[in-house]
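This briefing addresses two topics: a strand and its pairing partners, and a pocket with its lining. Please consult the sequence and the structure shown here.

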Amino acid sequence: MSIEKFTPNWMTEEHQMVYDSALKMFQSWEPKDEQWRKNGMIDRAAWEEAGEMGFLCAAIPSEYGGGGGDFGHEAALIYAQTEANQSGFGGMVHSGIVAPYILAHGTEEQKQAWLPKMATGEYIGAIAMTEPGTGSDLQNIKTYAVKDGDDYIINGSKTFITNGQHANLILLACKTDREKGAQGVSLIIVETDNVEGFERGRNLDKIGLTSQDTSELFFSNVRVPQTNLLGTVEGMGFIQMMQELPRERLIIALSGVGSMKLAINLTLDYVKGREAFGKPIWKFQNTRFKMAECYADYLAASTMCDAAVDAMLDGKLSVPHASLIKYWVTEKQCEVIDECVQLFGGYGYMTEYPIARLYADARVQKIYGGTNEIMKELASRFM
């Protein structure tokens, strides 16, 4: 069986078709998953397949090479990816975060130059905010850019960057005025192919998300045109990030909901087939009650997220709402998957079982996109 939820208002027949076809594609990647996890990243060919299927930049207007859809199309893709347990694919960052920054804040020339390449997978996008000494405190980043003729010269380093090994296009947060705090932050696009001074560090060895490339990046006198400043005015980076971060936090919450659904379905199959003391584990009242509790948490989380998708589509998703949704859903995600691992017993701790990988993947959800402590701090400021 598969658990069900309330039908979202935002999910039209077209969104459902996107979900169904994307789920088939992501599930078809399963035979490759073990090797991808050993490699520490998925194959570039998978990105190209996603581009050919129209699953990259699905919500970007067609005049820029995208699918011409809306955020609901991205939500459908996120649900499909997470329910197929393909955590290594960085499309949520590429299509759900980087491309919308360019669409919302870029010049017409920037949109025409970069978005069509992102839609096909020719360019893979990453966003580089976090630094070795700076986590959620973005106004105190140290990476900087200085003008030299018609160019910027960039120096600094970033860490924990999703898609870092594959990325051809990096949306880089840096200081264009080191004497200022938030007002000195700008976003600059770095196209990495054949640029001098740019180096990728090691592909970081993580507890979970083992098939997702996550990297250190180094910038040593990297020269890019001043026309690569996102938009036309320096010092707007912090404002741009604050405007776009609610989207990122909703994306994290949506991925949590998809993972919860998969974990519950896997566990239901297991407890109904596994026997202990002469009967299926499902026959024990504790098992049924625990699964009912997990299902209730999933229903609450999915309903909350679907309401947030409606708000996003209406342009009304607020900072406090997105922050609290990201906090609450990821907390519940970790709790639900932990309960599921417990019901699997020793097998739940073996990485050959998908439930173990879901458990390891879930933990970082409470950290990236802004720690859950920061989410509560942000929300409290609006109370």
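Which helices each supply at least two residues of the lining of the second largest pocket? In this predicted model, they are helix H4 (71-83), helix H5 (91-105), helix H7 (237-273) and helix H8 (285-313). The points below describe that pocket and then strand S4 (residues 169-175).

**Second largest pocket**

- The volume of the second largest pocket is about 340 Å³.
- The lining comprises 20 residues, of which Phe71, Pro100, Glu244, Arg247 and Met312 are the closest to the centre of the pocket.
- By residue class, the lining consists of 11 nonpolar, 4 polar and 5 charged residues.
- Domain 1 (13-123) and domain 3 (238-381) each contribute at least three residues to this lining.

**Burial of strand S4**

- Strand S4 is largely enclosed by the rest of the structure, because 7 of its 7 residues are buried, that is, under 20% relative accessible area.
- In a regular strand, side chains alternate between the two faces of the sheet.
- Both faces of S4 are covered: one side carries Leu169, Leu171, Ala173 and Lys175, the other carries Ile170, Leu172 and Cys174, and all are buried.

**Pairing of strand S4**

- Strand S1 (residues 125-128) runs parallel to S4 and is joined to it by 4 bridges.
- Within this pairing, Gly125 has Leu169 of S4 as its bridge partner.
- Strand S5 (residues 185-191) pairs with S4 in the antiparallel sense over 7 bridges.
- In S5, Ser186 stands opposite Cys174.

How values were computed:
Residues numbered from 1 in each chain as written. Predicted model: local features only at pLDDT ≥ 70, side-chain atom pairs only at ≥ 80, totals over all residues. Heavy atoms only, no water. Buried < 20%, exposed > 50% of the residue type's maximum accessible area, 1.4 Å probe, protein only. Pairing = 2+ DSSP bridges. 1 Å grid on protein atoms, 1.4 Å probe; cavity = no way out; pocket = protein on both sides within 12 Å on 5 of 7 lines; lining within 4 Å. Points joined across faces, edges and corners; volume = space filled by probe spheres on them. Nonpolar A, V, L, I, M, F, W, Y, C, P; charged D, E, K, R; others polar. Domains from an automatic or database assignment.
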